[in-house]
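Let's take a walk through this model together. Have the 3D view open, and follow along as we go from one spot to the next.

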Amino acid sequence: MAPWSRTAGPRLRARFPRVPERVWARMELTQPQVNAAVGLMAGLIAAAAADGARTGGRSPFFRTVLTGFGLHGAVHMAQSAAYRGYTPGVATSPTVVVPYSIWALNRLRRAGLPPASPVLSAALLPLAAGAAQALGGRLARRRRG
């Protein structure tokens with residue numbers, strides 16, 4: 001992801017000239033920062049999955065994260081459409097993330113468990129991603145010394 005953001009940056013800046021410079025600066029990530037952020041998000045997904053398994057899918061935490069997981073896949077596909085090309089996450093979103101989320105949500109619905117609010121999941125998704133990136137950046141810098 002870090003190499004992609006470096007090569008895609010100029011194209012994105014030309015395509016979206018009204019985006020503030022501080023947004024572009026946040027795209028400048030090192031691979032260790034990306035790795036740490038992805039690992040933190042994976043930890044969140046794993047914690048939600050464990051809670052879902054423990055509660056038979058009844059956990060609001062699990063259902064909220066599951067809904068957000070599916071929405072994040074849609075975001076990856078929308079990013080590629082807006083970029084008009086490959087973006088990180090676009091290969092696994094239509095093949096793994098979105099189909100799994102739809103399947104799991106349908107299973108929960110058939111079991112009488114309502115899905116989480118997509119509005120709540122959509123609101124929490126950027127907060128979780130932003131927190132993971134911020135903490136991932138700190139962890140990567142701390143590791144470098």
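We'll start in a loop: Arginine 84 sits in the stretch that links helix 4 to helix 5. Keep in mind that what you're looking at is a predicted model. Arginine 84 isn't a glycine, yet its phi is positive, at about 65°. Most residues other than glycine have a negative phi. Is arginine 84 buried or exposed? With a relative accessible area of 63%, above the 50% cut-off, arginine 84 counts as exposed.

Now zoom out to the whole chain. You'll count six helices and zero strands, so to speak an α-α-α-α-α-α pattern when you read along the sequence. The C-alpha atoms fill a box of roughly 50 × 40 × 25 Å along the principal axes. Of the 145 residues, 32% count as buried. Take the contacts between residues at least 6 apart in sequence: 68% of them join residues at least 24 apart.

Back to the loop we began with, and the two helices on either side of it. Helix 4 covers residues 60-83 and helix 5 covers residues 93-110; their axes come within 9 Å and cross at roughly 150°. How do the two run relative to each other? An angle over 145 degrees counts as roughly antiparallel, so that's what helix 4 is to helix 5. Their crossing is left-handed. On the helix 4 side, the contact includes Phe62, Leu66, Phe69 and Met77, while helix 5 brings residues including Val97, Val98, Tyr100 and Leu105. Tally the residues in this contact and you get twelve nonpolar, seven polar and one charged. The charged one is Arg63 of helix 4; among the polar ones are Gly70, His72 and Gly73 of helix 4 and Ser93 and Ser101 of helix 5.

Helix 4 has another partner to look at. Helix 3 packs against helix 4 at an angle of about 135°, with the axes 8 Å apart. That angle makes helix 3 oblique to helix 4, and the crossing is left-handed. Here Leu44, Ile45, Ala47, Ala48, Ala49, Asp51 and Gly52 of helix 3 meet Phe61, Phe62, Val65 and Phe69 of helix 4. This contact divides into nine nonpolar residues, one polar and one charged. Gly52 is the polar one and Asp51 the charged one. If Phe62 and Phe69 ring a bell, that's because they're listed in the helix 4 contact with helix 5 and in the one with helix 3.

Stay on helix 3, which spans residues 31-55, and find glutamine 33. Glutamine 33 has a relative accessible area of 13%, and since that is under 20%, it counts as buried. Where does its side chain reach? It comes to 2.7 Å from the backbone nitrogen of threonine 30. Leaving aside residues up to four places away in sequence, glutamine 33 touches Glu28, Gly136, Gly137, Ala140 and Arg141.

Our last stop is leucine 135, in helix 6 (residues 118-144). Leucine 135 and leucine 40 are 95 residues apart along the chain, and their C-alpha atoms are separated by 8.3 Å. Leucine 135 has 40% relative accessibility, which lies between the 20% and 50% cut-offs, so it counts as partly exposed.

Key
Residues numbered from 1 in each chain as written. Predicted model: local features only at pLDDT ≥ 70, side-chain atom pairs only at ≥ 80, totals over all residues. Heavy atoms only, no water. Helix = DSSP H or I, 4+ residues; strand = E, 2+ residues; numbered from the N terminus. Buried < 20%, exposed > 50% of the residue type's maximum accessible area, 1.4 Å probe, protein only. Polar contact = N/O pair within 3.5 Å; in protein donor to acceptor, adjacent residues only side chain to side chain. Contact = heavy atoms within 4.5 Å. Axes fitted to C-alpha atoms, helices over the stretch in contact; angles between N-to-C directions. Parallel < 35°, antiparallel > 145°, perpendicular 65-115°, else oblique. Left-handed = near helix turned anticlockwise from the far one by under 90°.
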